[in-house]
Amino acid sequence: CRWRTMGRRRRDAQRPQFRGETQLSPITGQPEIYYPKWKRRLKYVGSALVTAGMLVIAFVAMICSLNLQGYIKDDYWAEAIFHI
């Protein structure tokens, strides 16, 4: 083969920081560390919620700043705190 990898066994070192559950590999039958999909998706959802919350805070801060500087004006909402 061109890369001279035929017949060689693959030896990838696992990161020592990787955490997971041990299970048997369906391909090799050897034990391997596995991180469940539901835990990974839970972390993705948590990250998305934190990011969305920070975006909302930034948006509200921007609206407040624009209101205080007088850039957003509307005669109908003259008494309101936020002029959107």
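Okay, a definition to begin with: a residue is buried under 20% relative accessible area, exposed over 50%, and partly exposed in between, with a 1.4 Å probe and protein chains only. By that rule K39, at a relative accessible area of 29%, is partly exposed.

Now, the ground rules. This is a predicted model, so local features need pLDDT of at least 70 and side-chain atom pairs count only at pLDDT 80 or more, while totals for chains, interfaces and linings use all residues. Residues are numbered from 1 along each chain as its sequence is written, and side-chain values use heavy atoms, with hydrogens and water left out.

Let's look at the layout. The protein chain has one helix and two strands, and along the sequence they come as β-β-α. Helices here are DSSP runs of H or I with at least four residues, strands are runs of E with at least two, and both are numbered from the N terminus.

So, the strands. β1 covers residues 21-24 and β2 covers residues 31-34; they run antiparallel, with four bridges joining them. For strands to count as paired, DSSP has to find at least two bridges between them. One pairing to pick out is L24 with P31 in β2. Together the strands form a hairpin with six residues between them, and in the turn G29 has a positive phi of about 80°.

Within that loop between β1 and β2 sits S25. Is S25 buried or exposed? It's buried, at a relative accessible area of 10%. Contact, by the way, means heavy atoms within 4.5 Å. Not counting residues up to four places away in sequence, S25 touches Q30 and E32.

Over on β2 we have I33, which is partly exposed with a relative accessible area of 33%. Setting aside neighbours within four places in sequence, I33 contacts Q14, F18, R19, G20, E21 and T22. Take R19 from that list: its C-alpha is 7.5 Å from that of I33, and the two are 14 residues apart along the chain.

On to the helix. α1 has 33 residues and at 1.5 Å a residue should span 48 Å, and its end C-alpha atoms are indeed 48 Å apart, so the two agree. The expected span is 1.5 Å times one less than the number of residues. Just after α1, G70 takes a positive phi of about 85°.

What ties the helix to the hairpin? There is one salt bridge in the structure, and the side chains of K39 and E21 make it, at 3.7 Å from N to O. K39 lies in α1 and E21 in β1, so the pair links parts 18 residues apart in sequence. The criterion is a side-chain nitrogen of Lys or Arg within 4 Å of a carboxyl oxygen of Asp or Glu. E21 is partly exposed too, with a relative accessible area of 39%.

Further along, V56, F59, V60 and M62 make a nonpolar surface patch of about 360 Å². Patch residues need over 30% relative accessible area and no salt bridge; like charges are joined within 9 Å, and nonpolar side chains (Val, Leu, Ile, Met, Phe, Trp, Tyr) within 5 Å. V60 is in α1, residues 37-69, and counts as partly exposed at 36% relative accessibility.

Last, the totals. Of the 84 residues in the protein chain, 7% count as buried. Among contacts with a separation of 6 or more, 0% come from residues 24 or more positions apart. The accessible surface is about 8,400 Å², with 61% of it belonging to carbon and sulfur atoms; areas come from the Shrake-Rupley method with a 1.4 Å probe, and for residues only the protein chains shown count as cover.
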